[in-house]
Amino acid sequence: MLDLHRLRLLREFADRGTIAATAAALGYTPSAVSQQLSALEREAGAALLDRAARSVELTDVGRQLAVHAEIILAQVEAAEADLSAAGREPSGRATVATFPTAAAAFAPALVRSMRAHPGLTLLLQQAQPGEGLRRVRSGEVDVALVDDWAGALPENGPALLRYYALLRDPVVLIVPRDHPLADPAVPVDLRQLRETSRWMAAPEGEPSRQAVDRLLETAGGAPAVPWEFEGLGTIVSLVARGIGVAAVPRLALATGERRVVVRELPGPAPAPARDVYAAVRAASVRRPSVTVILAALTAGARGLTGVRRRAR
């Protein structure tokens, strides 16, 4: 019989690609992981790993078993969720991975929910771009808040996950209070603004930066050398201090920065926008703690000013 713990190790190895990364993620030594995978090979009666001189890779049989392992582990989790759903009050720790602007925006709703369920604790972690989906799929976190600029996440995201649309987050222009465009009667001219103002943006390659570059291309091209800063919160703070102007997702303003003026971007095309989702393992949806977190996120999305609920 195949051991569930070893199947979990195999699934983790399939996701991470190396013995060292698998060991680091699970808190084991590399030798312990290697020994457990060797034991799984004996149980399976087949070679699951191709141990070349410099690397270890899954064999074809190993890849097939890793797919089965994900399905088996999901079924076990679904059974556990059904059993825990019989309880009245959620308890334990719920873990949420999120990107920084969503952490600040949704934290108040999550805290209010925790107060209503004293047996439930919360761990809110920030994740690098692309990490949230991997971490929720691997079981490291219960829920991941993720953004999607391409509009294709539910169709192209990892299998065995379920996606809950929370809101659509448009890009808006922010300027200091003493900037000419702080007057709502002054029309926004991106071409003139591009030529007369110092723009600030996220580093090249980040999705929000790509959206802003596409926006400014419509106004005659992006600035040659914009000031680049890691973190949209930093950019909003610098605009508030009069350093320059920026175009950011509206969710970056959810902390209530009042020293900037927000202007909608001129048409006729819609402003760039991202969709924000809560992603969970389909097998864990009925777990009481996950149900509480999803309800809190949905309520938090309704309470955010200026962003729109995304139709499901």
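**Note on a predicted model: helix H6, salt bridges and surface**

1. The cover over the buried residues of H6 includes helix H1 (4-16), strand E4 (120-126), strand E5 (143-148), H7, E6 and strand E11 (273-281). The model is predicted, and the remarks below should be read with that in mind.

2. How much of helix H6 is covered? The helix runs over residues 131-138 and is mostly covered, with six of its eight residues buried. Those residues are Gly 132, Leu 133, Arg 134, Arg 135, Val 136 and Ser 138. Two arginines, Arg 134 and Arg 135, are therefore on the buried list, given the cut-off of under 20% relative accessible area. Just after the helix, Gly 139 adopts a positive phi of about 90 degrees.

3. Arg 134 of H6 also belongs to a network of salt bridges, in which Glu 12, Arg 16, Glu 131, Arg 134 and Glu 140 are linked. One bridge within the network pairs the side chains of Glu 12 and Arg 16, at 2.4 Å from N to O. Both residues sit in helix H1, four residues apart, or about one turn of the helix. H1 is also among the elements covering the buried residues of H6.

4. Are the two partners in H1 buried or exposed? Glu 12 has 2% relative accessibility and so counts as buried. Arg 16, at 23%, counts as partly exposed. The cut-off for buried is under 20%, so Arg 16 falls outside that class.

5. The search of the whole structure returns 17 salt bridges. Another of the short pairs lies in helix H4 (residues 60-85), where Arg 63 and Asp 60 are three residues apart, about one turn of the helix. Their closest N and O atoms are 2.3 Å apart. Arg 63 is partly exposed, with a relative accessible area of 43%, and Asp 60 is exposed, at 51%.

6. A further salt bridge joins Glu 264 and Arg 250, again with the closest N and O atoms 2.3 Å apart. Glu 264 is in the loop between strand E10 (260-263) and E11, while Arg 250 is in the loop between strand E9 (246-249) and E10, so the pair ties together parts that are 14 residues apart in sequence. Which partner is buried, and which is exposed? Arg 250 is buried, with a relative accessible area of 15%. Glu 264 is exposed, with a relative accessible area of 51%.

7. Glu 41 lies in helix H3 (residues 30-44). At 12% relative accessibility, Glu 41 counts as buried. Setting aside neighbours within four places in sequence, Glu 41 is in contact with Ala 46, Ala 47, Leu 48, Leu 49 and Arg 51.

8. Gly 119 is placed in the loop between helix H5 (100-116) and E4. Its relative accessibility is 37%, so Gly 119 counts as partly exposed. Beyond neighbours within four places in sequence, Gly 119 has contacts with Pro 90, Ser 91 and Gly 92. Between Gly 119 and Ala 269 the C-alpha to C-alpha distance is 48 Å, at a sequence separation of 150 residues.

9. On the surface, Val 67, Ile 71 and Leu 160 make a nonpolar patch of about 240 Å². Leu 160 comes from the loop between helix H7 (153-156) and strand E6 (161-176). At 37% relative accessibility, Leu 160 counts as partly exposed. The cut-off for patch membership is over 30%, so this residue passes it.

10. For the protein as a whole, the secondary structure consists of 11 helices and 11 strands. The C-alpha trace spans about 75 × 55 × 30 Å along its principal axes. Of the 312 residues, 46% are buried. Among contacts with a separation of 6 or more, 74% involve residues 24 or more positions apart.

11. The exposed area is about 15700 Å², and carbon and sulfur atoms supply 52% of it. There are 37 positive and 33 negative charges, and their mean positions are 5 Å apart.

Conventions. Residues are numbered from 1 along each chain as its sequence is written. This is a predicted model: local features need pLDDT of at least 70, side-chain atom pairs count only at pLDDT 80 or more; totals for chains, interfaces and linings use all residues. Side-chain values use heavy atoms; hydrogens and water are left out. Buried means under 20% relative accessible area, exposed over 50%, partly exposed in between (1.4 Å probe, protein chains only). Contact means heavy atoms within 4.5 Å. Accessible areas come from the Shrake-Rupley method with a 1.4 Å probe; for residues, only the protein chains shown count as cover. Lys and Arg count as positive and Asp and Glu as negative; His and the chain ends are not counted. The place of a charge is taken as NZ of Lys, CZ of Arg, CG of Asp or CD of Glu. Patches are made of residues with over 30% relative accessible area and no salt bridge: like charges are joined within 9 Å, nonpolar side chains (Val, Leu, Ile, Met, Phe, Trp, Tyr) within 5 Å. A salt bridge is a side-chain nitrogen of Lys or Arg within 4 Å of a carboxyl oxygen of Asp or Glu.
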